[in-house]
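Reader: I would like to learn how to read the features of a model like this one. Could you walk me through a few of them?

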Amino acid sequence: MLRSSKISRKWLMLIYGGIGILFILATANVILNRIIQHQVSEKLHHLSPELKVNFSSIKSNLLTSSLSLNNLTIDYIPDSNKLQHQHSFHFVTVELNGVNFLLMLFRRTLSINNVKLSNGEVNLDRFLMNKKDTAQKHLFAQAPFKSISVNHFELTPIHIWEHTDQDNKLLLKGKIGIDDININDVKKTFTTDNFHFGAIKCSLSEINYAIPNAYHTLMIKQLTIDSPRGILEINSFKLIPQYNKSDFFRKTDNQPLYIESNIANISIQKPDIRKLFDKKLEAEKVIFNNPAFNIYTETMEAKALSRSFLFIDLKQILLAVRTDLFRMHHASIAYEETTGAQLKLDGNTEMDKVRINITDSLFSNNDIHFKTLTCALSDIHAVIPGTYQNIQINKLDIDHKGTLQATSLKISPQYDKLGMGQKAGHQIDVVDATISGVTITKLDIIKCFQQKIIAEQIWINGSNINIFRDRRLPRISQYKPLPVAFLKTIPIHIRVHHFKVTESTLLYEEFPKDGLQTGLLKIEKLQLSLSPLISHPGPSDPDHMDLNMEGSIMGSGTIKASVYLPFNPGKDYSVSGAIDNLDLTSLNSSAENLGKFHIESGLLNNLSFQFSLNDEKASGKVEGEYHNLVVDKLKGQQKKIAKFPSFMLKNVIIPKNKDKSMPVDRRTGIIDYKFDHTRFISFYLLRSLLSGIEASFTFGFLLPK
C-alpha cells in the first residue's frame with residue numbers, strides 16, 4: 001500500500017508539472033499573441049500619414065504561425081485638404097498562414113506561406129488616377145519591412161470600382177492567384193531584378209476602364225492568365241471613343257486619334273509575365289482573331305503621331321514587344337483622315353520573329369523588325385485626298401519571299417469625268433484605269449515601314465488606262481520639275497532594279513477650250529521599261545535611268561522611244577525614237593476636235609526623232625517620210641472646210657509626198673522648243689516633237705495649232 005501511494009504521488013507531480021508547463025505556454029502564447037497583435041496593429045495604423053487603416057478584429061496564433069484580420073479597410077488620402085478624393089480598399093477577411101513573426105519583428109522581413117484576401121471591394125477615385133500620382137513610392141518609403149516573401153497569394157473574389165462625383169462604375173471583377181512572390185527591396189522599383197514570382201492564375205471579367213486623358217474606354221469581357229499552361233486569353237476586347245466621330249476632335253482638345261476597335265479574341269501563348277514589370281511583352285505567339293479597327297485622324301504625319309498615342313506616353317507602359325509569331329486572322333481595317341484619305345481592307349496577316357521598340361517617333365528606322373511577313377488581303381479600297389479618285393484592289397498577297405501580287409486593281413473617279421473638274425474648280429487629269437495584275441518581286445517589307453520601297457522588279461500587266469482633261473476650265477500654273485528632280489522631292493525612297501508595263505492600252509481624251517466635242521488619242525499594245533527606278537540616288541548608283549517604250553498609235557503603225565534620264569542635274573535628257581507606218585487619218589478624232597483640221601489621206605512611213613532637253617529648252621531634229629498627205633483646215637462649230645487655208649495647206653505648206661527621193665535636209669526639221677515649267681513632261685515631249693515637224697515644212701509656222 002505504501003509503495004502504491006508513492007507511485008501515485010510521482011505521477012501526480014508529473015501531471016501538475018505538465019499542467020503548469022501548458023499553463024505557462026498558454027499564458028506565453030496569449031501574451032506573445034497580444035504583443036504580435038499590438039505590434040501589427042501599430043504598424044498598420046502608422047504605416048503612412050496618407051493611409052488610414054481600420055479593422056474590426058485581429059487574431060494571431062503563434063503556434064500555427066497565422067494572422068487574420070476581419071473587415072480590413074484601407075483609405076489612401078494623398079491630400080488632407082481634399083478628403084473627397086481617396087482610394088478605398090475593403091476586405092471581409094485577410095488570412096496570413098505560415099507567418100515568420102520573428103523575421104517580421106526583428107529582421108524586417110515579411111515571410112508568409114499563404115496570403116488570402118477574401119471578398120474584396122476596391123474603390124478608385126478617378127481624379128487621383130488622372131493625376132498619375134506617385135502613391136507607391138510614398139507608401140513603401142516608410143514600410144516596416146525591407147523584403148517580402150510569399151509562397152502563395154490569393155485574392156478572391158474582388159470587385160474594383162471607379163468613383164466619381166456623380167456615380168460609381170464597375171471596372172472589373174474576378175480572382176487572382178500568384179505563387180512564389182519575392183520582393184528584395186520594397187523601396188526600389190519593381191523590375192525583374194527586384195521582383196520575382198512563379199506561377200500566376202487569374203480570371204477577370206467585365207473590365208470597363210476609361211483611359212485617363214485619352215477619351216477612350218477599354219472594355220474586356222473576360223481576361224484569363226494561366227502561366228503553368230502558358231496561356232493569356234482576352235475575349236471580346238473593345239476600345240470605344242467617348243464621343244462620336246463628328247464631334248471627337250472638337251471635344252477632346254485635338255486628340256490625334258479616334259480609334260474604335262473590336263477584337264473577338266486575343267490569344268498570347270507562353271508569355272513571360274515577369275517581363276511585363278520591365279515594360280516588355282515577350283511571348284511565343286500573339287494571335288488576334290476577328291479584329292476590327294476603325295481609325296480616324298486629323299493627319300497622318302509622323303510628327304503628329306509621335307507626340308502621343310491616345311495621349312498616352314507609351315514608353316511609360318511598354319518599351320518593347322518580342323514574339324516568334326504575330327498573326328491577325330480575319331481582320332477588318334478602316335482608316336480615314338479629315339483630309340479625305342481613306343483605306344479599307346479585309347484579310348489575314350502573319351509576321352515571324354517580331355521585334356518592336358517603342359520610341360518617341362512611331363515607325364522610325366529601328367522601331368519594327370521581323371524576319372518574314374505574309375498576308376492575304378481582299379476588298380481593298382482607298383481614296384487619295386485632293387484627287388477625288390478611288391483605288392480598289394480585289395486581292396493582294398505577300399509571301400515569305402517578299403513577292404507581292406495584286407489582282408484586279410481599279411482606279412476610278414468619284415464623279416463623272418466632267419463633274420470631276422467642276423468639283424476641283426480647275427483642270428485635272430481624271431483617271432479611270434483597270435489593271436489586271438501587279439507583281440513586285442523581292443520586296444523588302446521591313447523597309448516599307450521606313451517609307452522605302454526596295455525591290456527587284458515591279459511588273460504591271462494588262463492595263464487599260466483612260467485619262468480625261470477639260471481644257472475649258474482654268475489651269476493652275478504650278479512649277480513642275482523634270483522626272484528625276486520630281487522623284488527626288490518625294491519623301492518615299494524608291495529603289496527598284498526594273499520597272500515594266502506590258503500589254504496595256506492608254507487612251508487620252510481632251511475637251512478643247514473652244515469646241516463641242518472631245519478629241520481622242522489612243523496608244524495600244526503599250527509596253528514600257530524603266531531600269532533602274534531610283535528616287536534618291538547615291539554615289540555608288542548608276543549615273544542615269546533608261547526608259548524604253550513602244551506601242552501602236554490609234555491601232556495603226558508603231559512608235560518606239562528611248563529616254564536617257566540622268567541623275568546629275570547638270571546633264572541633259574536624251575530622247576530618240578521613231579514612228580513607222582502610221583495611217584494619219586486615224587488621228588482625225590484629235591485633229592478635228594482639238595486642232596481644227598481634217599486629214600483626208602496620208603501614210604507616215606517613218607518619222608525618226610532625236611533631241612535633248614533640260615530645264616530651259618529642247619534641241620534636236622526630226623526626219624520624216626510620208627505619202628499622199630492631204631489636209632483640210634476647218635472652221636466654225638460645224639467643222640466646215642475653210643477653203644483658202646485648205647488651199648494653202650495642200651498647195652503651199654504641206655507637200656503631198658515626202659519620200660526618200662527628196663533630199664534629207666528637206667525632210668528634216670529642227671527642234672528648238674522652250675520649256676514651260678507649268679506643264680507636265682508629256683506635254684514638253686509632244687510639243688518638242690511637233691515643233692520639229694512644223695520646222696520641217698517651208699511655211700510650217702502657218703500649220704494649224
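Author: Gladly, and let us begin with a helix cap. D416 caps the N-terminal end of α7, with a side-chain oxygen 3.1 Å from the backbone nitrogen of L418. Helices (H or I, at least four residues) and strands (E, at least two) are DSSP runs, numbered from the N terminus. This is a predicted model, in which local features need pLDDT of at least 70 and side-chain atom pairs count only at pLDDT 80 or more, while totals for chains, interfaces and linings use all residues. Residues are numbered from 1 along each chain as its sequence is written, and side-chain values use heavy atoms, with hydrogens and water left out.

Reader: What phi does G425 take just after α7?

Author: G425 has a positive phi of about 85 degrees.

Reader: How should I read a salt bridge, and how many salt bridges are there by the rule?

Author: Side chains of opposite charge can pair when their charged atoms come close. The rule asks for a side-chain nitrogen of Lys or Arg within 4 Å of a carboxyl oxygen of Asp or Glu. By that rule the count is 21 salt bridges. One of them joins the side chains of K417 and E509, at 3.0 Å from N to O. K417 lies in helix α7 (residues 417–424) and E509 in strand β22 (residues 493–511), so this pair ties together parts that are 92 residues apart in sequence.

Reader: Are K417 and E509 buried or exposed?

Author: Here we need the scale: buried means under 20% relative accessible area, exposed over 50%, and partly exposed in between (1.4 Å probe, protein chains only). K417 is partly exposed at 39%, whereas E509, at 13%, is buried.

Reader: Which residue forms a salt bridge with R495?

Author: The partner of R495 is D541, and their closest N and O atoms are 2.6 Å apart. R495 lies in strand β22 and D541 in the loop between β24 (533–534) and β25 (544–553), so the salt bridge ties together parts 46 residues apart in sequence. R495 has a relative accessible area of 31%, which is partly exposed, and D541 is buried at 17%.

Another salt bridge pairs the side chains of E623 and R667, at 3.8 Å from N to O. Distant parts of the chain are linked by this pair: E623 is in strand β29 (residues 617–635) and R667 in the loop between α11 (643–653) and β31 (668–674), 44 residues apart. E623 is partly exposed at 26%, and R667 is buried at 8%.

Salt bridges can also share partners, and in this way R126, E162 and K169 are joined into one network.

Reader: What about cysteines: how many disulfides does the structure hold?

Author: A disulfide is a covalent bond between the sulfur atoms of two cysteines. The test used is a pair of cysteine sulfur atoms within 2.5 Å, and the structure holds zero disulfides. Among the cysteines, C375 is buried at 10% relative accessibility, while C448 is partly exposed at 36%.

Reader: How do I read empty space inside a model, and how many cavities of 30 Å³ or more are there?

Author: Rolling a probe the size of a water molecule over the atoms shows where empty space is left. On a 1 Å grid over the protein atoms alone, a cavity is a set of points where a 1.4 Å probe fits but cannot get out, and lining residues have an atom within 4 Å of a point. Grid points are joined across faces, edges and corners, and a volume is the space filled by probe spheres set on the points. The structure holds two cavities of 30 Å³ or more, and the largest has about 40 Å³ of space.

Reader: Which residues line the largest cavity?

Author: Its lining includes K417, L418, G421, F468 and R469. The elements giving two or more residues to this lining are α7 and β21 (452–470), and α7 has the largest share, with four residues.

Reader: Finally, where is E510, and what does E510 touch?

Author: E510 is in strand β22 and is buried at 14% relative accessibility. Contact means heavy atoms within 4.5 Å. Not counting residues up to four places away in sequence, E510 touches R469, R471, T518, G519 and L594.

Technical notes
Polar contact = N/O pair within 3.5 Å; in protein donor to acceptor, adjacent residues only side chain to side chain. 1 Å grid on protein atoms, 1.4 Å probe; cavity = no way out; pocket = protein on both sides within 12 Å on 5 of 7 lines; lining within 4 Å.
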